[in-house]
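Here's a quick briefing to go with the structure below. Have a look at the fold before you read on.

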Amino acid sequence: MVKRKRIVGKKAKVADKVVEDAGAVSSDAEPSGDEKASEEEDDFFESPDEKRVRLAKEYLRTLEQSKPADEVREQLASDVREQERRTRAQVVNLQLGEPRFLKGHREAVTSICISADDRTVYSGGKDCRVFRWDVETGVKEGFRGARLDFDAGGHFEQVRGVCLLERYQLLVSVGMDRLVRLWDPRAPPNSSCVAALHGHTGSVNAVAADPDSSQVYTASSDKSMKIWDMSSRRCVDTLLGHVAGVSAMDIYHKGRPLTGGADKTVRLWKVDKDTHLIFNKHTYPVDAVAVADHDRFVSGSQDGSLSLWSNASKKPLASASLGSRHWVTALGAIRGCDVVFSGAVDGGLRAWRFGRGLPGSEEGDGEAAGNDRALRLLPAAPQVDTPGCVNAIAVGQRVVACAVGKEHKFGRWFFNKSDKNGVLLVPLSYEEKHGK
């Protein structure tokens, strides 16, 4: 291994690794004294801009030696998108429009997702069906599925989660039948699934995918999280850690899924290192989680509490409570921003803002309000009433889609006959204000 004297700080280590991996220096070769002196002199007089250019050239050279041109362009575009995800923005002028309710499911809707262009919504429910909705017209089209009908071509038990993979033109659904089903989202109504993947031994409660759709993650009541490769359509890894069923999952960065479970913990996974961080300050099961940006995420519990976390602290950065009878059932976030939405069994969609030194009188009185550095969770917009329990939330660019049911997605503890089963669409408008 070649040893170099590092003059310019920690980032020079990255350059060393890139050069060695690319084969620029043989691991068996030993540089002469003149070469060492030349390297050290170059590093010493290198400006920050020159260093960035050098590192970029070395990284590009490494990619070109290991991948074809098309894959290199794709990797560079992916790197740009990943870097953009690390920026934060403050939401201003947040407004929620007049909600529109769409009927369709015969039983409670448990899950929902929305396309990148906000034109199509997909939902799954306790009626074992997956529906496709046109956001503009409200027209629905259903895929096959029926309770205990093993030859129906779809789910034969309750659907618990849906996720759209636009890169592969696939819709992934999971449910109590322990299967991971793949659908063609463009298929005509009443179509069957194109594949059914086996692996879990318990109800599959949640599904999420990497930003590039290369891997899909599923969370189950069997206490495990499985990773599926979409190219081969196989399970490539099983992650264990939860000591009770996994109830909720979300993801924002590649290889960093966030889960919450009946063991009252929130866990942030680092798939490439096969490790995870544990956040265990909740006193009741965690039914909902959402990632806001590269560092902060929110969890909701059955005691009505909301907690804002950072991967740098084991304690919540901020907390809020709806009350013990207002279970938090769903969470959704405006990605890269400081606003999240929560749903509860009381039939309300709430918007929350977190930050320091927030303007306005909503901060309240007392020591926390007088301290501009105190991080708080505060209402960001008036509550939107929903005709039932909000079981899932999908946040798009211009609309917030809610899965609504007469009962909780995991049981019938709060069944209300007067409530409705369906999809609620709430128009969304806001502006992003980027900091320094």
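What follows is a short tour, from the whole chain down to one sheet and one residue.

Keep in mind that this is a predicted model. The chain has five helices and 29 strands, and 52% of its 436 residues are buried.

**The whole chain**

- Take the contacts between residues at least 6 apart in sequence: 51% of them join residues at least 24 apart.
- The chain's accessible surface adds up to about 21200 Å², and carbon and sulfur atoms account for 48% of that.

**A four-stranded sheet**

- Four strands make up an open sheet in the order 23-24-25-26, and their pairing is antiparallel.
- Which strands stand at the edges? They are strand 23 (328-333) and strand 26 (375-385). Each has a single partner strand, so one side of each has no neighbour in the sheet.
- Neighbouring strands in this sheet don't line up perfectly: on average they're turned by 25° against each other, direction ignored.

**Strands 24 and 25: a hairpin**

- Strand 24 (residues 339-344) pairs with strand 25 (residues 348-356) in the antiparallel sense, over five bridges.
- If you want to spot the pairing in the model, find V340, which sits opposite W352 in strand 25. You can also look for G343, which faces L349 of strand 25.
- These two strands form a hairpin, with three residues between them. In the turn you'll find G347, whose phi is positive, at about 75°.

**Strand 25 and its other partner**

- Strand 25 also runs antiparallel to strand 26, and eight bridges join the two.
- One place to check this is A351, whose bridge partner in strand 26 is A381.
- Is strand 25 mostly covered or mostly open? It's mostly covered, with eight of its nine residues buried.

**A closer look at S305**

- S305 belongs to strand 21, which spans residues 305-310.
- Why does S305 count as buried? Its relative accessible area is 15%, and buried means under 20%, so S305 falls within the cut-off.
- The side chain of S305 makes a polar contact of 2.7 Å with the side chain of D303.
- Leaving out residues up to four places away in sequence, S305 touches H282, S299, G300, A320, S321 and V328.
- One of those contacts takes you back to the sheet: V328 lies in strand 23 (328-333), one of the edge strands.

Conventions. Residues are numbered from 1 along each chain as its sequence is written. This is a predicted model: local features need pLDDT of at least 70, side-chain atom pairs count only at pLDDT 80 or more; totals for chains, interfaces and linings use all residues. Side-chain values use heavy atoms; hydrogens and water are left out. Buried means under 20% relative accessible area, exposed over 50%, partly exposed in between (1.4 Å probe, protein chains only). Contact means heavy atoms within 4.5 Å. Accessible areas come from the Shrake-Rupley method with a 1.4 Å probe; for residues, only the protein chains shown count as cover. Two strands pair if DSSP finds at least two bridges between them. Axes are lines fitted to C-alpha atoms, for helices over the stretch in contact, and angles run from 0 to 180 degrees between N-to-C directions. A polar contact is a pair of N or O atoms within 3.5 Å; within protein, one must be able to donate a hydrogen and the other to accept it, and residues adjacent in sequence count only if both atoms are side-chain atoms.
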